[in-house]
Amino acid sequence: MPISANRYFRERFGGKLYKLALDGGMTCPNRDGTKGDRGCVFCSGAGSGDFAAARRASVLEQIEAAKALVAPKNRNGAYIAYFQSFTNTYAPLPVLEALFTEAIQHPDIAALSVATRPDCLPEPVLVLLARLDRIKPVMVELGLQTIHPATAAFIRRGYPLSDYDRAAERLTALGLHTVVHVILGLPGENEQMMVQTVRYVGRSGAKGIKLQLLHVLEGTDLATLWRAGQVPVMALTDYARLLGRCLDALPEDMVIHRLTGDGAKKNLLAPLWTGDKKAVLNYVNNYLRGKGYVF
Ligand code: SF4
């Protein structure tokens, strides 16, 4: 049965770990003109890093500022340095090495997590991440969202599935904990297609998965389509049932790093019920408990 991230962290690190969202000051090939200049159709422009610390601050300053926000809750005192905004391997190697090293040298940082794209992981970067993994555990988060080419074109993902296959294979060979982001509810996909994506991830060597329902955020091209009635949104009951099907499709030891979205509430247009994260998690966890899953 897939396991929760909290259980995984408890077993691996001896307690709960809090993520500190950091910003390495990078952009992404879907925004800087390399592959596109409008970004993915759902991306808010903050590069999925709506909670990351201010861009101008140093890594150490960002760690301290982010720690101050969660320190009262964190009894364990250990954190994950999470480079979240945009594509966090999209910079020259020495820049990446300096940023990541600064983060893992902090005594309260127990692990490093780097969010990126499969087409931005050249071999020297993979070798760097594998080297850092021998100092402190490194997780690499890949934004896949879907395995279906038509949906990938619609969302303007900007790379083919073969890039994911190659990256997943190398990351697995190097022993890095790979976490794959999948978006459920993308326009044009039925439940069977979504479950196919999840099953594919489970067989690709990835150790973890983040499942998130499509959010329509203000200021995105998706918002324009939604206003034109072209983006159907899911009800909470349907989402919980779909999550159950997705978990059924995953291998036993898969780590579930997320079951809901985490978008900034102030920009959320739909579905509005996702704004009450606590209520959503309560409902989803209750439903999943009925199927024997405990998160
Ligand atoms: S790849 Fe990530 S940061 Fe770039 S546009 Fe897409 S969601 Fe935004």
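Here are some short exercises on helix 9 and a few backbone details of this predicted model.

**Exercise 1. Find which residues of helix 9 are buried, and work out how they are arranged around the axis.**

*Step 1.* Start with the helix itself. Helix 9 takes in residues 236–248, 13 residues in total. From first C-alpha to last it reaches 19 Å, close to the 18 Å expected at 1.5 Å a residue.

*Step 2.* Now pick out the buried positions, using the cut-off of 20 or more other C-beta atoms within 10 Å. In helix 9 these are Tyr239, Ala240, Leu243, Cys246 and Leu247.

*Step 3.* Look at where they point. The buried residues cover an arc of only 120° around the axis, so they sit on the same side of helix 9.

*Step 4.* Recall the general rule behind such spacing. An α-helix has 3.6 residues a turn, so residues three or four places apart point the same way.

**Exercise 2. Identify what the buried residues of helix 9 pack against, then describe how helix 9 meets helix 10.**

*Step 1.* List the neighbours. The buried residues pack against helix 7 (191–202), strand 7 (208–213) and helix 10 (277–290).

*Step 2.* Choose the right descriptors for the helix pair. Two packed helices are described by the angle between their axes and the distance between the axes.

*Step 3.* Apply them here. The axes of helix 9 and helix 10 come within 9 Å and cross at roughly 50°. That angle makes helix 9 oblique to helix 10.

*Step 4.* Add the handedness: the crossing of helix 9 past helix 10 is right-handed.

*Step 5.* Find the residues in contact. From helix 9 come Leu236, Ala240, Leu243, Gly244 and Leu247, which meet Val280, Tyr283, Val284, Tyr287 and Leu288 of helix 10.

**Exercise 3. Locate the cis peptide bond between alanine 270 and proline 271.**

*Step 1.* Check omega: for the bond joining alanine 270 and proline 271 it is about -15°, and the bond is cis.

*Step 2.* Place the proline. Proline 271 belongs to the loop between strand 10 (268–270) and helix 10.

**Exercise 4. For phenylalanine 86 and glutamine 145, give phi, location and burial.**

*Step 1.* Take phenylalanine 86. Its phi is positive, about 55°, although the residue is not a glycine. Phenylalanine 86 is in the loop between strand 3 (79–83) and helix 3 (93–105). With 28 other C-beta atoms within 10 Å, phenylalanine 86 is buried.

*Step 2.* Turn to glutamine 145. Its phi is near 70°, a positive value in a residue other than glycine. Glutamine 145 lies in strand 5 (residues 138–145). Glutamine 145 is buried, having 22 other C-beta atoms within 10 Å.

Methods: Residues are numbered from 1 along each chain as its sequence is written. This is a predicted model: local features need pLDDT of at least 70, side-chain atom pairs count only at pLDDT 80 or more; totals for chains, interfaces and linings use all residues. Helices (H or I, at least four residues) and strands (E, at least two) are DSSP runs, numbered from the N terminus. The expected span of a helix is 1.5 Å times one less than its number of residues. A residue is buried if 20 or more other C-beta atoms lie within 10 Å of its own, exposed if 12 or fewer, and partly exposed in between; C-beta atoms are placed from the backbone. The arc is that of the directions from the helix axis to the C-beta atoms. Two residues are in contact if their C-beta atoms, placed from the backbone, lie within 7 Å. Axes are lines fitted to C-alpha atoms, for helices over the stretch in contact, and angles run from 0 to 180 degrees between N-to-C directions. Angles under 35 degrees count as roughly parallel, over 145 as roughly antiparallel, 65 to 115 as roughly perpendicular and the rest as oblique. A crossing is left-handed if the near helix is turned anticlockwise from the far one by less than a right angle, and right-handed if clockwise.
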